[in-house]
Every structure is written in structure tokens, then in C-alpha cells.
Amino acid sequence: MGKLFTFSLAIFAAFGSFLFGYDSGVMTDVIASEHFLAYFNTSSGSPVLGAIVSTFAGGAFFGALSGGLTMDKLGRRKTIQIGAVVCIVGAVLQAASVHLGMMLVGRIITGWAVGIMSMAVPVYQAELAHPKTRGLIVGLAQQMIGVGFIVSTWVGYGAAHAPGWTSFPWRFPLAFQGVPACVLAVGLIWFPESPRQLIEKDNEEEAMRVLQKLHFDGSNDAWIQSEFTEIRRTILAEKAIHVPGWAIMFQVPSWRKRLALGTLVQVFTQFTGINVINYYQTSMYAALGITGKKALLVSGIYNVVGPVANCFFIFLLADRVGRKKPLLFGTVAITVCLFIEAAINSQNPDGTDKALSKAGVAMLFLVSIFFSFSFGPVSWTYMSEIMPMQIRGKGNAFAAGVGNWLFNVFWSQVSPQALEKLGWKFYFIFAVFNICITFPTIWFFFKETKGLSLEEIDGLFGDSASERSLPKEVETLHEMNLEKE
């Protein structure tokens, strides 16, 4: 019962990640619609398209930060529900858009919702998971992001077959995102809050009940009691010297380091170039001579490859190989693919060489596969598990908001013009960054967290609240806060 319940809960909560993937991917097909381009008086290389995509990421940036506030006050589960409700509002505005301003507002609101869920879902999953299966459970977030991309692509592909003079090819895909949002908002009513959040709110009896439901296998009563005791001791120690606000994350050296690692893993994920491919792959295929419905078909196949690879990784490898090794592997493998992709495009500028065009598509597919074996699932797992309880909400909000979404805004805005003006040279930016920054940083500074409980990870970074040895800076700041009061 325990493992099945945990898995079911985690995958249902990951509908929030499904919306992340769907809302991110849906614009790939929408901006390929001739009716859409004509309706909003724009073109495939226009900055307007970059604005439509980047406003979504901009909304997500602020949404992620706001999620840090609601998660501490209202809990993990209700924060995800709030994100789902906001997403419904954004979906209605986008589908009903009659001018560009309405579309942009809808994209901002939907982005806000996805930003909330992008940081809340992994934290919720991490706090529900058994230490030995946390890679799988949190990896389901990335799995559902991929499934969201798949559904968005095939919904868009199907809608593209409607008559070209109608708005159905772009209005229906935008409206469809409201369906899973409704399911998530209503369905979570019957699911429990995280045990750690329940203990934080002094609901210990319910926390123990939830822990037993999550992890009891018929013979591990002692482990559950020990886990409960450790969680309770840690949270009570942190509550005794709690310091409110966001500044504490930057003032305590060990917490600042953990915040930096959580943020950097998201930054490095953006510098794999994966989201540029996801958003603008039809433009990349066009450079390889693949256009129209054929490009949409290739896009649909591409969006299936990543989730299949991700599924293989999280079920068979994630909790065996850990976090650090996959990140190092992914950095090298993706970089090699990007260099080859650039070389192929340089030798096939007009896309007329079909053999090179196929090789170019293959490299983009390999980037997706290697990403799914590394940064895709691991970035969310690592971000959500290394933050201490006192800053877990705000820390993940900052990491997702700044590390993921702020850089997402940047690449979303500049990529259409960069692809048009730089062409194949654009790939070098990501490849060089991976070699010079990403690989050495992961090698020297990232710590392995495989198989450790969230409380044991505190000890890994020198913070052990259970032994009343929280960083001295926290106690000092707590005393200063009391003096001010």
C-alpha cells in the first residue's frame, strides 16, 4: 500500500508539471499556425513571438517567487491548487484572445501559475518520498513535463489539420490546458499534506498517520517511528530559533551554499539549450529544410523521445547512480551533440542535403535523450532536496524563479533573432558555457545526496538541527530579531 500510495500521490501532483510541459510546448505549434501569425500581424522571425514566449517565462519567474510565500503559510498541497486555479484563468484569456495584449496577459497569468507549480510540485514530492526512491518520485515531475510536451504537440498537430481560415488550430490547443488544471485543482482536495508541513503546523498526529500511509510495508514500524522522530526533532529545533524573511538564506554561509547549488543546477539546465530547442525546434527544422506539417510531425516524435528516456532513467537508474554522475555525463554528452549540430548546419546552410538534415535532426534528438538521463530529472530532485526545512519554500522559490525562469525569459526573448542572425553559431554559446562553467562547477562543488533523508542531507552540509547544532549564524540572527521586537 505504502509504495503504491506514494507513487500515485506523486504522479497526480505532477499534473502540475504536466501543465508546465504543456504550456511550454503548446506555443511551438501555435506560432507555426499561419492563421495565428496573420491574426496577430507577425512573422516567424519577429520579436513579437519572442515576447509571447518570454512573457510566459516572465510570469513564471514571479509565480515561483510568490509560491515561496504561499507554501510556508498555506502548505505544499494548497499552493499547487492555487497554481492550477490561476492556470485556468490564463487558459481562458489565451483561448479567447482578440488582440495581442489579451494574449500577452493570458500568457503572463498562465506563466505565473506554472511558476508556482514548478517549485511546489518537486518540494511536495521530495517531502513525501522515501530516501531510497526520491530520485524516482521527484523524477516524475520531469516525466510529466515531458508528457505535457507530448500532448501539446499532438493536440497542436491534430488541430493543424483544421481549415486554415479558422482560428481553431491555435485557439483549441490553448483552451485545452484548462482541462488538466481543473482535474488537479479538484483532485488534490482528497490528498494529504506533506508530513513535514503537518509537523511544522503542529499537527503531529496527522503527520504520523500520513507517514504510515506513505511508507508502511507491513514490517517497518520502527523505521517509520525513527523517521517521524528525526523529522520532528529537526523541525522543532529550527522553529525554536526561526528567523523570518528571505535574507536568512543569504546570511548563513552553509544555507547560502545550498541555495547557490540549487539555483545553479537550474541555471545549468537552461544552458543545455534544451528549452531553446523545445520552444523553437520548428525554426531549427526549417534551417534543415524541414517545414510545414512535416516539421510538426518531427516535433511530435521529438517530444516523445525525451519522456521515454526519462522514464527509463528514473525507474532504473536515478536512485542507483545518484545525482552528480548523471549531471557530469549529461554536460559532456550534450556539449558533444551541440558541436556536431553546429558543424552539420554549417555544411548544410540551405537544408538541401537530406543526409545532413537527417543527421541534424538526430543530434537534436540525442540532446533530448541525454538531457533526460541527466539534467531533466536530476535538476528538480537536487533543487528540492538540498534546502533545509526553514528555507525550503523560499529557497526553492528562488532557485526555480531565478535559476530556471529568469534565464528562461532571456533565452526565450533572444533565441528567435539569434537563430535567424547567428544560425549554427548560436549552438556554440551553450557548448562553450558547458565546458568552461558547468562541468568544473559540478565536479568541484556539488555533493552527492543519493539515499539520504532530507534531515541527513542537513548533516552532509554541516547542519544537523536534530543535534541542536544549527549554524551559529541562525542563532545570532534569531537573537537580533528578538532584540528588535
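**Entry 1: the largest cavity**

I looked up which residues line the largest cavity in this predicted model. Its lining counts 25 residues. Nearest the centre of this cavity lie Gln142, Ile145, Phe149, Asn278 and Phe371. I noted the volume next: the largest cavity holds about 280 Å³ of space. The structure has five cavities of 30 Å³ or more.

Which elements give two or more residues to the lining of the largest cavity? I found α2 (15-30), α7 (134-159), α14, α15 (274-287), α16 (292-316), α19 (354-372) and α20 (375-385). The largest share comes from α16, with five residues.

I then sorted the lining of the largest cavity by class. I got nine nonpolar residues and 16 polar ones. Charged residues are absent from this lining.

**Entry 2: α14 against α22**

Helix α14 gives residues to that lining, so I followed this helix to a partner. A pair of packed helices is described by an angle and a distance between axes.

I looked up α14 (residues 253-270) and α22 (residues 426-445). Their angle is about 150°, and their axes are 11 Å apart. Angles over 145 degrees count as roughly antiparallel, so α14 is roughly antiparallel to α22. The crossing of α14 past α22 is left-handed.

Which residues make the contact? From α14 I listed Lys257, Leu261, Leu264, Phe268 and Gln270. From α22 I listed Phe430, Phe433, Ile437, Thr438, Thr441, Ile442 and Phe445. By class, this contact of α14 with α22 has eight nonpolar, three polar and one charged residues.

**Entry 3: α15 against α21**

Helix α15 also gives two or more residues to the cavity lining. I checked how α15 packs with helix α21 (residues 392-421). The angle is about 15°, with the axes 9 Å apart. Angles under 35 degrees count as roughly parallel, so α15 is roughly parallel to α21.

Is the crossing of α15 past α21 left-handed or right-handed? I found it right-handed.

On the α15 side, the contact uses Asn275, Val276, Tyr279, Tyr280, Ser283 and Met284. On the α21 side, I wrote down Trp405, Asn408, Trp411, Ser412, Ser415, Pro416 and Leu419. By class, the contact of α15 with α21 has eight nonpolar and five polar residues. No charged residue takes part in this contact.

**Entry 4: side by side**

I put my two helix pairs together. The pair α14 and α22 is roughly antiparallel, whereas α15 and α21 are roughly parallel. The first pair crosses left-handed, and the second crosses right-handed.

Methods: Residues are numbered from 1 along each chain as its sequence is written. This is a predicted model: local features need pLDDT of at least 70, side-chain atom pairs count only at pLDDT 80 or more; totals for chains, interfaces and linings use all residues. Side-chain values use heavy atoms; hydrogens and water are left out. Axes are lines fitted to C-alpha atoms, for helices over the stretch in contact, and angles run from 0 to 180 degrees between N-to-C directions. Helices (H or I, at least four residues) and strands (E, at least two) are DSSP runs, numbered from the N terminus. Angles under 35 degrees count as roughly parallel, over 145 as roughly antiparallel, 65 to 115 as roughly perpendicular and the rest as oblique. A crossing is left-handed if the near helix is turned anticlockwise from the far one by less than a right angle, and right-handed if clockwise. Contact means heavy atoms within 4.5 Å. Ala, Val, Leu, Ile, Met, Phe, Trp, Tyr, Cys and Pro count as nonpolar, Asp, Glu, Lys and Arg as charged, and the others, Gly among them, as polar. On a 1 Å grid over the protein atoms alone, a cavity is a set of points where a 1.4 Å probe fits but cannot get out, and a pocket is an open set with protein on both sides within 12 Å along at least five of seven lines; lining residues have an atom within 4 Å of a point. Grid points are joined across faces, edges and corners, and a volume is the space filled by probe spheres set on the points.
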